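Got the model open in your viewer? Let's take a walk through it, stopping at the spots that reward a closer look.

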Amino acid sequence: MAVKKPDVTALLKALQKLYPKHIIPLHHKNAWELLCAVILSAQCTDERVNQITPALFAAYPSPEALAKADIKDVEKLIHSAGFYHSKALSLIESSKRISEVYGGQVPQNMKDLLTLRGVARKTANVMLGDYFKKPEGIVVDTHIKRLSFRLGLTKQTDPVKVEQDLMKIIPYKYWGWFGIAVILHGRQVCNARKPACSRCSLAGLCPRNGVKISD
């Protein structure tokens, strides 16, 4: 029996009912603050990042200020985020490049964003799709990779290939919002170990690929 292809239009409508607003969970006042927050969020919860950033931005209110910071001082401020040495170095070096090369402004294209330390394609997609509203791709984190597979949107496990598959089937106007919506659904309903299939509004559209435990 052939595997039923996912109804992407119906899936997007269902997600829009659940998550109609494009809300970035990381607190920020400008593009640079969001970039720092996303760098800190690697292997760390958004809640923890939001607890850390107020003191960080009070001490270093601009990329120019953070570029001149002592790494030990930054490490103390972000210690609870984990991987604090590499993250502190990324924050300082990326701020330095933003200050010296990009006039203090976070670049607004994929090529230049990827020249910043600590910025890979996922982070660049967050900046382009969620903040600047001109995406060049779709964010793929662990939640999006997991849900895309379960929903039958991809058979791939490599994030780059997952993104390529999603870009083929998700209309461009949804690229920025889609990532946030799927991340929220992954956190709130379709978690990794025990997805709450019985209370999932997407259940009728989901083939549950790879799901072994559900309530």
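One thing to keep in mind before we start: this is a predicted model. Everything below was computed from its atoms, so treat it as a reading of that prediction.

Let's begin with the open space. The largest pocket comes in at a volume of about 630 Å³. A total of 26 residues line this pocket, and those closest to its centre are Ser41, Asp46, Lys122, Asp141 and Arg187. If you'd rather look by helix, the elements that put two or more residues into the lining are α3, α8 (121–131), α9 (142–150) and α11 (175–188). Of these, α11 gives the most, with five residues. What about chemistry? By class, the pocket lining has 13 nonpolar, six polar and seven charged residues.

Now for space that is closed off. Rolling a probe the size of a water molecule over the atoms shows where empty space is left. Here the count comes to one cavity of 30 Å³ or more, and the volume of the largest cavity is about 110 Å³. Its lining is made of 13 residues, and if you zoom in on the centre you'll find Cys190, Cys197, Cys200, Ala203 and Cys206 lying nearest. Sorted by class, the cavity lining splits into eleven nonpolar residues, one polar and one charged.

With those cysteines on screen, you may well be wondering about bonds. How many disulfides does the structure hold? Zero. Take Cys44: this residue is in no disulfide, and the nearest cysteine sulfur, that of Cys36, is 14 Å away. Cys44 counts as buried, at 16% relative accessibility. Back at the cavity, why does Cys200 not bond with Cys190? The sulfur of Cys190 is the closest cysteine sulfur to that of Cys200, but the two are 6.3 Å apart, so the distance is too far for a bond. For reference, the two sulfurs would have to lie within 2.5 Å to count as a disulfide. Cys200 is buried too, with a relative accessibility of 18%.

Next, the aromatic rings. The model has four aromatic pairs. One of them is Trp32 with Phe57, a tilted pair with 5.5 Å from centre to centre and 50° between the planes. This pair links distant parts of the chain: Trp32 belongs to helix α2 (residues 31–40) and Phe57 to helix α3 (residues 46–59), 25 residues apart. Are these two rings' residues buried or exposed? Trp32 is buried, with a relative accessible area of 5%, and Phe57 also counts as buried, at 10%.

Follow the chain from α2 towards α3 and you pass through a loop that holds Gln43. Check the backbone here: the phi of Gln43 is near 55°, a positive value in a residue other than glycine. Most residues other than glycine have a negative phi. Gln43 is exposed, with a relative accessible area of 72%. There's another case further along, in the loop between α8 and α9, where you'll find Lys133. The phi of Lys133 is near 60°, again positive in a residue that is not glycine, and Lys133 is exposed at 51% relative accessible area.

Last stop: the charged side chains. The count here comes to four salt bridges, and three of them are easy to visit in turn. Glu75 bridges to Lys72, with the closest N and O atoms 4.0 Å apart. The two sit three residues apart in helix α5 (residues 71–78), so about one helical turn separates them. Their surroundings contrast: Glu75 counts as buried at 7% relative accessibility, whereas Lys72 counts as exposed at 51%.

Helix α6 (residues 84–101) has a similar arrangement, with Glu93 and Lys96 three residues apart and separated by about one helical turn. Their side chains meet in a salt bridge at 3.7 Å, N to O. Both count as partly exposed, Glu93 at 31% and Lys96 at 29%.

Arg121 and Glu163 also meet in a salt bridge, at 2.7 Å from N to O. This pair reaches across the chain: Arg121 is in helix α8 and Glu163 in helix α10 (residues 159–169), 42 residues apart. Arg121 is partly exposed, with a relative accessible area of 31%, while Glu163 is buried at 5%.

Definitions and conventions
Residues are numbered from 1 along each chain as its sequence is written. This is a predicted model: local features need pLDDT of at least 70, side-chain atom pairs count only at pLDDT 80 or more; totals for chains, interfaces and linings use all residues. Side-chain values use heavy atoms; hydrogens and water are left out. Rings of Phe, Tyr and Trp (its six-membered ring) pair if their centres lie within 6.5 Å; planes under 30 degrees apart count as stacked, over 60 as edge-to-face and the rest as tilted. Helices (H or I, at least four residues) and strands (E, at least two) are DSSP runs, numbered from the N terminus. Buried means under 20% relative accessible area, exposed over 50%, partly exposed in between (1.4 Å probe, protein chains only). On a 1 Å grid over the protein atoms alone, a cavity is a set of points where a 1.4 Å probe fits but cannot get out, and a pocket is an open set with protein on both sides within 12 Å along at least five of seven lines; lining residues have an atom within 4 Å of a point. Grid points are joined across faces, edges and corners, and a volume is the space filled by probe spheres set on the points. Ala, Val, Leu, Ile, Met, Phe, Trp, Tyr, Cys and Pro count as nonpolar, Asp, Glu, Lys and Arg as charged, and the others, Gly among them, as polar.
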